[in-house]
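Thanks for making time this morning. I would like to walk you through one chain, going from its overall make-up to a single residue.

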Amino acid sequence: MPDGTILDGEVTDIHGSPKFHVFDIPSAGGLLADRRKAIDSLHFNCHPVFVMHRIVKVEALLTAKLMGWEGVVFKRLDSTYRWQRSPVYCDITEWRKVRL
């Protein structure tokens, strides 16, 4: 991974087995579709790292429910990265968090 690479993700620990789930790569800049290509080109030297791929809404919600996740974040492929955390500060047309 190149120096200066910034990943957006989340660590989960189910039954003492930590995993890092990569959602985005803000340091790549541009639109989400371009940043997804940048993520796909990375080679991770650590295990376990999971890259979250594009899936349809129904599949995402079913998967999240089965895996016991807190929720799902949906992002538009033509959206830019926003550094704010709270939905209060974001344009909900670009991304939306759905809690289960």
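**From surface to core**

The accessible surface of the chain comes to about 7300 Å², and 57% of that belongs to carbon and sulfur atoms; such areas come from the Shrake-Rupley method with a 1.4 Å probe, and for residues only the protein chains shown count as cover. Please keep in mind that this is a predicted model, in which local features need pLDDT of at least 70 and side-chain atom pairs count only at pLDDT 80 or more, while totals for chains, interfaces and linings use all residues. Residues are numbered from 1 along each chain as its sequence is written, and side-chain values use heavy atoms, with hydrogens and water left out.

The chain has two helices and five strands, taken as DSSP runs numbered from the N terminus (helices H or I, at least four residues; strands E, at least two), and along the sequence they follow the pattern β-β-α-β-α-β-β.

Of the 100 residues, 21% count as buried, meaning under 20% relative accessible area with a 1.4 Å probe and protein chains only, where exposed is over 50% and partly exposed lies in between.

Now to Arg 35, which sits in helix H1, residues 32-40. Why does Arg 35 count as buried? Arg 35 does so because its relative accessibility is 1%. Setting aside residues up to four places away in sequence, Arg 35 touches, among others, Asp 24, Ile 25, Ser 79 and Tyr 81, where contact means heavy atoms within 4.5 Å.
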